[in-house]
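Student: Please take me slowly through one loop residue and its surroundings, and then carry on to the strands and ring pairs elsewhere in the chain. I would like every cut-off stated where its term comes up.

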Amino acid sequence: MREKMNKMAGLPQASAPRVAGVAALIAGAVMAFGAQAQSETHSPKSSYPVTSAQRATAQQVASRGVPVSELAANAPDTYVVKRGDTLWSIAGLYLAKPWRWPELWGMNMQAIRNPHLIYPGQTLYLEKSDGFARLSTRGPNGGGNEVVRITPRTRTDSVSNTALPTIQQHLIEPFLVEPEVLGAEAIELAPRIVAAAQTRAILGSGDRVYARSASGTQLSLEPGDDRTFRLFRNAIPLKDPDTGDILGYEAQYVGRAEMVRGETQDVTPDGRGGTNTDPVPATLDIVSVKEEVRVGDRLLPMAPRSFMNYVPRTPYDDVNARVVSIYGSSAVGNAGQNQVVSINRGAVDGLEPGMILTVLTKGERIRDKTDESRTMIKLPSEANGMAMVFRTFDHVSYVLLLQVRYGVGVGDRLVNPQ
């Protein structure tokens with residue numbers, strides 16, 4: 001049922017991993033880790049695999065480290081990892097270019113075997129020799145012990161659950177299920193709310209609604225069928241700022257509902273010796289809302305809930321993307337740090353979650369007031385900050401603005417890290 005509805009609604013399907021050759025060390029592209037759902041049944045090894053290609057790249061610098069010139073200006077000789085730290089923040093602490101985290105990990109393959117398994121309480125030591133630097137969890141000359149401090153707790157838990165995330169997960173967690181980019185007809189084929197048990201136009205959490213399928217496949221409660229749905233409305237066209245082409249339709253997330261009864265048919269005598277067959281819609285209870293729910297809103301299956309530990313890396317190929325929209329802020333002209341924007345490049349263009357891009361200013365057109373003829377000139381684009389791809393569709397990706405100096409608007413460019 002889920003596969004049929006995903007195909008019907010135009011949701012992205014699983015695809016084979018992108019294969020790329022090992023590029024220059026600074027690319028760090030081979031650190032592409034897939035999404036792994038975290039649960040108490042997962043071991044550290046199964047949750048965070050390190051491929052042979054990734055390990056080979058790290059080993060290229062394991063023997064001597066990285067040039068001291070590549071370190072951040074104030075890289076500390078020692079640093080105690082704290083709760084709230086992220087791989088991104090620590091990479092920025094030590095490297096002038098944080099997306100080169102694979103090099104930081106590769107500084108000492110013996111002590112730091114997996115970049116995901118760095119914990120609060122560990123001390124990181126920066127060792128410098130002959131113009132190169134290493135990062136280790138052991139003291140100078142191999143002295144000292146690797147220490148992991150874990151706060152006592154009343155229940156048993158895997159130590160891997162305390163490993164540092166790449167970024168603060170709460171910044172993007174809502175967007176892992178909210179944005180949905182559909183094809184032109186996909187949302188019309190999605191089930192729709194046709195009525196409510198309450199006689200009011202605006203519905204909220206706890207209210208009961210009724211929904212019908214529009215594809216001919218009835219909503220049911222058979223084993224394996226979807227029971228929890230996201231509620232959407234207003235498929236807004238996402239237009240490419242360069243070409244004006246419609247890249248897809250962004251559905252507006254309004255809430256979540258749980259199905260309690262599937263669709264059926266009611267057969268009654270018609271009084272003339274025959275019968276009347278009437279469709280009976282499925283019954284759902286609204287369990288949460290972002291804004292009011294209305295009759296006519298559409299249903300889509302819940303996106304698989306996975307917690308990705310993104311490893312910052314550069315794209316495989318050259319990227320020249322533009323901002324298409326500011327998510328959830330149609331009335332706001334510019335986005336700031338920790339906000340989400342969509343861009344006009346997606347999975348078919350080679351973008352994957354975890355890839356880092358440099359945000360450029362648009363370069364305003366202004367009138368040269370120092371020129372008697374008042375000639376119009378265009379200012380050059382300047383680096384404005386960095387963003388990380390965290391969700392991709394075919395022709396559209398959503399990126400988190402990690403750090404920006406000025407507001408980011410529609411049409412601003414994103415390119416490979418500079």
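Tutor: The side chain of Asp 207 reaches the backbone nitrogen of Gly 204 at 2.8 Å, a polar contact, meaning N or O atoms within 3.5 Å where, within protein, one can donate a hydrogen and the other accept it, and where residues adjacent in sequence count only through two side-chain atoms. This is a predicted model, in which local features need pLDDT of at least 70 and side-chain atom pairs count only at pLDDT 80 or more, while totals for chains, interfaces and linings use all residues. Residues are numbered from 1 along each chain as its sequence is written, and side-chain values use heavy atoms, leaving out hydrogens and water.

Asp 207 lies in the loop between strand S6 (192-196) and strand S7 (208-212), strands being DSSP runs of E, at least two residues long and numbered from the N terminus. Because its relative accessibility is 8%, Asp 207 counts as buried, a term for values under 20%, with exposed over 50% and partly exposed in between (1.4 Å probe, protein chains only). Leaving aside neighbours within four places in sequence, Asp 207 is in contact (heavy atoms within 4.5 Å) with Gln 198, Arg 200, Leu 284, Asp 285 and Ile 286.

Elsewhere, 6 strands close into an antiparallel barrel in the order S14-S15-S20-S19-S16-S21, where strands pair if DSSP finds at least two bridges between them. Strand S14 (residues 320-326) and strand S21 (residues 413-415) pair over 3 bridges in the antiparallel sense, and Ala 321 stands opposite Leu 414 in S21.

The structure also holds 3 aromatic pairs, counted when the centres of Phe, Tyr or Trp rings (the six-membered ring of Trp) lie within 6.5 Å, with planes under 30 degrees apart called stacked, over 60 edge-to-face and the rest tilted. In one of them the rings of Phe 232 and Tyr 253 have centres 5.8 Å apart and planes at 75 degrees, so the pair is edge-to-face. Phe 232 belongs to strand S8 (residues 228-239) and Tyr 253 to strand S9 (residues 246-261), 21 residues apart. Phe 232 is buried at 0% relative accessibility, and Tyr 253 is buried at 12%. The rings of Tyr 327 and Tyr 398, with centres 5.8 Å apart and planes at 90 degrees, are likewise edge-to-face. Because Tyr 327 lies in the loop between S14 and strand S15 (340-343) and Tyr 398 in strand S20 (residues 397-404), this pair ties together parts 71 residues apart in sequence. Both Tyr 327 and Tyr 398 are buried, and ring pairs link them with Phe 393 into a cluster.

Definitions and conventions: Helix = DSSP H or I, 4+ residues; strand = E, 2+ residues; numbered from the N terminus.
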